[in-house]
Amino acid sequence: MRTTPDLRNADPDDEAPLLAAIDRWCAKEVKPIARQYDHADRYPTQTVEQMKELGLFGATIAAEYGGLGLPSSTYAKIVMRISRDWMAITGIFNSHLMLALAIQKFGTKAQKEAWLPRLAKGEVRGGLALTEPDAGTDLQAIRTTARRQADGSYLINGTKTWISNGIEGSCFALLVKTNPDAQPRYKGMSLFIAPKWPGFTVGRKLEKLGYKSIDSGELVFDGYRLSADHLIGGVEGQGFIQATGGLELGRINVAARGVGVAEGALQLATEYAQVRKTFGKPICEHQAIQLKLGDMATRARAARLLTLDAAAAFDRGERCDMEAGMAKYFASEAALENSIESLRIHGGYGYSKEFDVERLYRDAPLMCIGEGTNEMQRIIIAKQWIKRNPQQ
Ligand SMILES: Cc1cc2nc3c(=O)[nH]c(=O)nc-3n(C[C@H](O)[C@H](O)[C@H](O)COP(=O)(O)OP(=O)(O)OC[C@H]3O[C@@H](n4cnc5c(N)ncnc54)[C@H](O)[C@@H]3O)c2cc1C
């Protein structure tokens, strides 16, 4: 029996009822269990089933393949809303949708028809396998190879690390070198649809500071074979462009998570500051706390506006690497700053595992690292800024 609404019945042009359904689901099913699951670092199987029912695994997949076909701006609002209560679970469908995006944007007709309907249902779930032990920011330095065999198939060997959904997921967009000697290096890279079968094993589950409950795994490919129809787009050498082609959307999604955490931290601080009294008055009446709340509210609002601005540009089909970079950079830093300020406003209780703010404080730094570190975002923003403002 369904425990959640089915967003597939919602009108994609009228987001209000859809967001209201997410609100109700968060209040009833997400917020009450977040602390317990996070502390146990337990995979939220029941929540995943509910997210399947809601249609979230197909949120940005086109309706013709059974997805909700939501615009990036509506999707960002959903991610913001859920992240206010429990950011980590958005990673379960977010990374999955990046896999789907690679297939939808760059896959052959046959690949789209074979994979997208199953991904949209959440029947097949997964993510992006790009990072390696010796290559993160410098993705072109990866060492995993796919060697073409006489029968046209590929033999793949290598190790990926930090892969979200790596343990629970069953299929990944796998970035490899099909020509390790190519110059420039990116021309030798290809992206494969990689289902888990013999030759593809999970090395280990990675233990983390925060972002608990979602599994981060090390993936080992040892004599792993894929037929040529798993090569996304069917042509070698396109992998780097395909893997980074989703980065604008990926950054908007991480920005949306940052907004959620920044707003969640603000909300907790707002509630606490009005009930906690010192020296005969609620602490929100002390100027030191007001300065914090003023900064936090401003940061959260600015982060939301930057993120919606980038999402709107994306939905209009405009190039928005600078806007997405600004949103990702600002919103993730806002999450970090708001979570520590909220923790301070909670005094000693902020340090207690009986309050939610400590989870937000542990979750926030991830957004400064994932989808391109914030150091790199500032460089990307600056380069694009100069390009758009050339010296006359
Ligand atoms: C919880 C979690 C989940 C993740 N999920 C995934 C996933 O699903 N799939 C996936 O493929 N990867 C995933 N990652 C990996 C993530 O994308 C990388 O950690 C990230 O890209 C940074 O790479 P790195 O860790 O190798 O750091 P490095 O690239 O080694 O960088 C180290 C430091 O140097 C800085 N730096 C590097 N190069 C430059 C430069 N040119 N100029 C200035 N500064 C520079 C960086 O900003 C950083 O501060 C995940 C990571 C985490 C922590």
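**The ligand site and two backbone outliers**

The space that the ligand takes up is the largest pocket. Keep in mind that this is a predicted model.

I'll start with where the ligand sits. Residues of its shell come from domain 2 (126-233) and also from domain 3 (244-388), so the ligand lies between the two domains. In terms of secondary structure, β3 (154-164), α10 (357-369) and α11 (374-388) each contribute at least two residues to that shell.

Now the shell itself. The ligand is surrounded by 15 residues, and the closest are Leu-128, Thr-131, Thr-137, Trp-162 and Thr-373. Sorted by class, nine of the shell residues are nonpolar, five are polar and one is charged.

Next, the polar contacts. Thr-137 places a polar side-chain atom 2.6 Å from an oxygen atom of the ligand. With Trp-162 the backbone is involved: one of its polar backbone atoms is 2.8 Å from a ligand nitrogen. Ser-164 uses its side chain, where an N or O atom lies 2.9 Å from a nitrogen atom of the ligand. As for burial, the ligand on its own has 980 Å² of accessible area, and the protein covers 63% of that.

Two backbone points remain, both in loops. As background, most peptide bonds are trans, and most residues other than glycine have a negative phi.

Which peptide bond is cis here, with omega near -10°? That is the bond from Gln-183 to Pro-184. Pro-184 belongs to the loop that runs between β4 (171-177) and β5 (189-195).

The other point is Tyr-211, which is not a glycine but has a positive phi, near 50°. Tyr-211 is also in a loop, this one between β6 (200-205) and β7 (216-226).

That's what I have on the ligand site and the backbone.

Note on methods. Residues numbered from 1 in each chain as written. Predicted model: local features only at pLDDT ≥ 70, side-chain atom pairs only at ≥ 80, totals over all residues. Heavy atoms only, no water. Near = heavy atom within 4 Å. Polar contact = N/O pair within 3.5 Å; in protein donor to acceptor, adjacent residues only side chain to side chain. Areas by Shrake-Rupley, 256 points an atom, 1.4 Å probe, with all protein chains shown as cover. 1 Å grid on protein atoms, 1.4 Å probe; cavity = no way out; pocket = protein on both sides within 12 Å on 5 of 7 lines; lining within 4 Å. Sits in = over half its atoms within 2 Å of the grid points. Helix = DSSP H or I, 4+ residues; strand = E, 2+ residues; numbered from the N terminus. Nonpolar A, V, L, I, M, F, W, Y, C, P; charged D, E, K, R; others polar. Domains from an automatic or database assignment.
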